[in-house]
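Please open the model in a viewer and keep the selection panel at hand. The stops below proceed from one selection to the next.

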Amino acid sequence: MEEIDERQSLKLSLWRSLFRFAAPYKRRFILLGILMALVAAIDAFQPFLTGWAVDNIAIAGRLDRLPRFVILFGSLMAVQAVMVRVFIGIGGKVEMGMNYGIRAAAFDKLQKLSFSYFDKTSAGWITARLTSDIGRLADIIAWGVIDMVWGLSMMLISAIIMIATDWRLALCALSALPVLVLISIFFERGILERSRVVRRTNSRLTAAFSENIRGVRAVKTLVAEERQGSAFRRLSETMRKASVRQAMLGALYLPLVVFLGYVGMALALWQGGERVMIGGATIGLLTAFIFSASRFFDPATDLARVLADLQYAQASAERVVGLIDTEPAIVDGPAAIARGQGRLGPRLEGRVEFEGVSFSYDGKREVLSDFNLGVEPGSTIALVGETGSGKSTVVNLACRFYEPTSGRILVDGIDYRELPLRYLHANLGYVLQQPYLFSGTVRENIRYGRLDASDDEVVAAARVARAHDFIAGGPGRQGLDGGYGAQVGEGGVLLSTGQKQLISLARAVLADPAILVLDEATSSVDTETERLVQDAIGAVLEGRTSFVIAHRLSTIVDADLILVMRDGRVVERGGHEELLTKGGAYARLYEAQFIAEEERLELGIVSEEVEESA
Amino acid sequence: MPSRPFHALWRAMAGVRATFVGALAFVALAALSSLVDPLILRFTLDSVLAGESPDLPPFLASGLAALGGSSFLARNLWLCALALLSASLLNALFSFLRGSLSAVAAERTTKNLRDRLAAHLDALPAAYFGRTAAGDLVQRSTSDMDTVRRFLATQVEEVGRAVALLGFTVVMMAAIDGYMTLVSLPIIPAVFGFSYIFFKKIQKAFTASDEAEAEMTQVLEENLHGIRVVRAFAREDFEIERFDAKNKRYTDLTRRLITLFGWYWGISVLLCAAQEAVTISVGAARVASGQLSTGTFVAFIAYVGRVLWPVRQLGRTLTEVGKAKVSLGRIAAVLAEPDEYAADEVRVESGPGASAAADAAASISAAPAAEISREGRIDIEGLGVEYEAGKKVLDGVSFTVLPGETVALLGRTGSGKSTIAAALVRLVEPASGSIKLDGTDIRLIDRRRLREMIGLVLQEPYLFSRTMRENVELGSGELPELELSRAARLSGFDRVASSFEAGWSTAVGEEGVTLSGGQRQRLALARVLAKRPRVLVLDDTLSALDTETDARVRRELRSESAAAAATGAAPTTIIVAHRITTLMGADKIVVLEEGRVADIGTHAELMSRPGLYRRVWEIQGGRAFEARAAGGGAAR
């Protein structure tokens, strides 16, 4: 977990880069500022209106002025109520608008970022950025501004009214201000510091709970309950102490601020009272000052909180801006943009050539060196080899998920860096090792291959991929509950791995790509499903250029060209018979693959790919 | 067992109940002391400045008279200011005590509840975790716990404060002017009622916004996990549209929620202003007609202003209390689950071997497992296990493992091998039949002692986010270097540890992500070996190792065993495996099919008849391949 220091001072440049998301709301922000100043003005003015009533109605005995007071007070408060309703509405629009805008920008960026970004960044991390971080930012920007403007205006306007009315009494009422500022600075730091400890401890506590729950079998079999328990209790105690320490500061700070308000009030009572006795002030004025003084420090706690929140939010801002400003590693160059102008070209033929391609993920270790390969349209290339031999790299490069470090890849005779990325991907199909389905219906998942496909076309694709029977039912077998409309994923029907594979194959059939990449996965399925999957793969590969990371003997044997890879190089290439008679690396791999397949069917075990010994 | 939320809370309050009472007392005192200053104002305005006869309790009145009456105070007005300050200082003190005592009490209670929940989770039967989602349990332990904490730390205090303020204010108002009291209170119930109803009603809007956010998050997560599919089908625009729809919906719903709040606060301002206007107008009129003193009038304005805010908040706080009750219920429900020892007590008391169990319980204290265990003989008799009633995972399984023997289990996925391994350490309980360790039914042996004697290594081991060394020492406690290197050598983990720069101090990351499957398995083996169990159960533990490393680990284990055999202390080993090389080396192989024993025998015996074992031998020995190759070479 990364730790961004929350103690750092405010970074203006960071906030400035978030301003672009606030820009559409510039007028609303100005309106908010004016509204909050007005709200604060009424709040600040109210005690003086009350004071006026005390003097000019009550003490003066002028009941005839009462209606005037009621109308004035009533209309001021009505205006206040309307302004409150309006500023909350605008605040909501600004907050949620920024929320929406920043999140949409971040999501757009995610669709452009290259895989090298996702290799380094976990999905959980990104999700947290797009949800809680952005939420916190929008909240602090919208409501922080509101609280800040209101608080400062309230203090300022109160001070101005007091000074204008009676500067000596004003000095009394405001005398505690410097102390308040000092105390607030002191406490704000302390509270920030302590709540950081609490938050850090809290996340450790969450991790501890999570580990104990997910690792409960380990704890039990190792009889580690006592050891785990005492470690947990220590952490829990740390949490308790830290929380109490944090709460203590708050418990001290708030009463202190209130007390400071009373100091001003007491001074106003003393000095004001003496002035009343010598006739220098009225009871009403005194009352107004006393009420004003007691309210004057109310915004202080809000201001301290906003400042603290702003510092927390800075860490969020840094992460969010970092994400939005990340440059994708793969972008269309000028040539590609020129070529892609306006329209996508015709369907590719599917000729793929690797010319002296080398690749490294980290810039240090080469995982593919001087790789050469020419693939005729419509042929199937099977890639076999141990984990880490470079099979996946070949596939990733063919898809242009990554680009070669050196050398080049031609598609239909053109360096693919000169083709628009979208165009290339529109001609590409990819079937994952672990089939990935989105939540939604079976039909929607298949249609993902081609969005404008009709229902009939979806069914036709499912038939080709041998998925129709298990979806819609067939002779002697029941289909899914709901057929093509059945929901998959959370809360939907439970599909077996084999069924998911068939659906994702149907998706690729519907897309009808010129180039298909298949990262073949084997799983523990019954022989019937296994036969279906093998048939489906055969049908899907038919008539298009295919790269297969192959695990099934049938796929390997039927391939037009088999590449045996090791350490980023092709050690053998050729047809099945040819390589088998050679008795080299392929023959050994084939035997291992054979054993693995037999085992899988006999024992239901999916052997993991053999690791290189460490 | 029914869950009793408040009982659980009451129990967790042990030790701080008095503190809670103290906190509540200071809530009342703080409320009371915050209501004194309007009285001082009233006195100052009326008796000091206006010179009316003071309306004071007798003891204060006589004290004042002794000093020289109101005129003395008029000459020394600072005394009134001082009284005001003293009252507010007292208020600050009480507020601080209220805040700190309730923090102390709330945090201690939360800690107690948290610790009890953690301990209880460790004691729940393994089966419970099979049927309960881990994420849900984590949520109960963390966010629900925090909701309860906030309830204790702030909401109790807030509700108490609002009630005390309201109560004391009414009493004080009534004491100084009955008429004005009636005038100053009528809208307050409306303010409370409005706020309570509003916050009740708005829950639905909250839920809608939460659900919209969850939907949006789901689209985001699916996009991230399926990013390869998205890219390969060039569906970026489609995804952006899909996300945008969810993003917009969430934005709209939340904005609508905020607008509702706008209405709430706007109306609330109006209601409060109405109450203030009534009090000021009626008060002013009564002062004008001489029925009310100016000081009393000002005091009433102060009181009304002071009581409105907490009442406005009360509605919100009460709905939060409702949420806290739900959270507490969710925690209590986990606590009410019977732990894995609950059933034991019954058996131990009524069972035939009650005294043996008592002995076992007595001897568990400090003796290391190896000493209290005798032989290491295991008898499984007619073992039946069902996870769901009627669905037998194991059915009538019987076999015996003699002390020091190695027995291998072979079977298809789902044939019940792992269930046997789990039953040996009572992670699952048999529905029928029994398992005996050295003649004692394991149900009569304390689980922890049993697990000290029988060490189970799981196929997919869970590693903790600590260093390698701490992971190995998880079950054994701090290990001497010699023991550590022994466990590392036997498990083959020594080579792994030394391949990292920081060696044993290398952190393995969350759930051991920085290690490969094979490395994780070796670490899991090492941590069980470090405990020197009498019986070692390997549940497909070496499956992710390459054949060479696998062979080396087994060689090490065998030679250690042979050395130990000389002193009669060789561990009994039960090993679930599918590698023929592993199976062949066992003294006996048990073949399982669909929860039943299909065959038992030595390698030679099983090879002499057709069956799963011979078939696996043919496959892995390459015979099947050779036969296929000879038969024409084409694949199926």
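Select helix α11 (residues 203-225) and helix α13 (residues 236-288) of chain B, which in this predicted model pack with their axes 9 Å apart at an angle of about 160°. An angle over 145 degrees counts as roughly antiparallel, and α11(B) and α13(B) are therefore roughly antiparallel to each other. The crossing of α11(B) past α13(B) is left-handed. To display the contact, show side chains on both helices: on α11(B) the contributors include B:Phe206, B:Met216 and B:Leu220, while on α13(B) they include B:Phe243, B:Tyr250 and B:Leu257. By class, the residues of this contact comprise 12 nonpolar, four polar and seven charged.

Next, select helix α2 (residues 26-59) and helix α10 (residues 283-296) of chain A. Their axes are 7 Å apart, and the packing angle is about 155°. How are α2(A) and α10(A) oriented to each other? They are roughly antiparallel, because the angle exceeds the limit of 145 degrees. The crossing of α2(A) and α10(A) is right-handed, whereas that of α11(B) and α13(B) is left-handed. Among the residues that meet here are A:Phe48, A:Trp52 and A:Ile59 from α2(A), and A:Ile283, A:Leu285 and A:Phe291 from α10(A). Nine nonpolar, five polar and one charged residues make up the contact of α2(A) with α10(A).

Remain in chain A and select helix α1 (residues 12-22) with helix α11 (residues 298-324). The two axes come within 10 Å and cross at roughly 60°; α1(A) and α11(A) are therefore oblique to each other. The crossing of this pair is left-handed. Four residues of α1(A), namely A:Leu14, A:Trp15, A:Ser17 and A:Leu18, meet A:Gln314, A:Ala317, A:Glu318 and A:Val321 of α11(A). Five of the residues in this contact are nonpolar, two are polar and one is charged.

Now colour by chain and turn to the interface. Here 128 residues of chain A are in contact with 128 residues of chain B. Which helix of chain A gives the most to the side that touches chain B? Select helix α9 (residues 225-277) of chain A, which supplies 32 residues. The side of chain A that touches chain B has 75 nonpolar, 31 polar and 22 charged residues.

Keep α9(A) in view and display the nonpolar cores. In soluble globular proteins, nonpolar side chains tend to be buried together. The largest core has 259 residues, and A:Ala173, A:Ala266, A:Ala268, A:Phe289, B:Ile331 and B:Val537 have the most contacts inside it. The largest share of this core comes from α9(A), with 20 residues. Centre on A:Ala266: beyond its neighbours within four places in sequence, this residue is in contact with B:Ala81, B:Leu84 and B:Leu85. A separate core of 87 residues includes A:Tyr423, A:Ala462, A:Ala511 and A:Val517.

Two stops remain, both in chain B. Select helix α3 (residues 37-49): 13 of its 13 residues are buried, so this helix is largely enclosed by the rest of the structure. Just after α3(B), inspect the backbone of B:Gly51, where phi is positive at about 70°.

Finally, select B:Glu470 in helix α20 (residues 468-472) of chain B. Is B:Glu470 buried or exposed? The residue counts as partly exposed, because 17 C-beta neighbours lie inside 10 Å. Add B:Thr506 to the selection: B:Glu470 and B:Thr506 are 36 residues apart in sequence, and their C-alpha atoms are 9.8 Å apart in space.

Key
Residues are numbered from 1 along each chain as its sequence is written. Chains are lettered from A and ligands numbered from 1 in the order in which they are written. This is a predicted model: local features need pLDDT of at least 70, side-chain atom pairs count only at pLDDT 80 or more; totals for chains, interfaces and linings use all residues. Two residues are in contact if their C-beta atoms, placed from the backbone, lie within 7 Å. Helices (H or I, at least four residues) and strands (E, at least two) are DSSP runs, numbered from the N terminus. Ala, Val, Leu, Ile, Met, Phe, Trp, Tyr, Cys and Pro count as nonpolar, Asp, Glu, Lys and Arg as charged, and the others, Gly among them, as polar. A nonpolar core is a set of buried Ala, Val, Leu, Ile, Met, Phe, Trp, Tyr and Cys residues joined through C-beta atoms within 7 Å. A residue is buried if 20 or more other C-beta atoms lie within 10 Å of its own, exposed if 12 or fewer, and partly exposed in between; C-beta atoms are placed from the backbone. Axes are lines fitted to C-alpha atoms, for helices over the stretch in contact, and angles run from 0 to 180 degrees between N-to-C directions. Angles under 35 degrees count as roughly parallel, over 145 as roughly antiparallel, 65 to 115 as roughly perpendicular and the rest as oblique. A crossing is left-handed if the near helix is turned anticlockwise from the far one by less than a right angle, and right-handed if clockwise.
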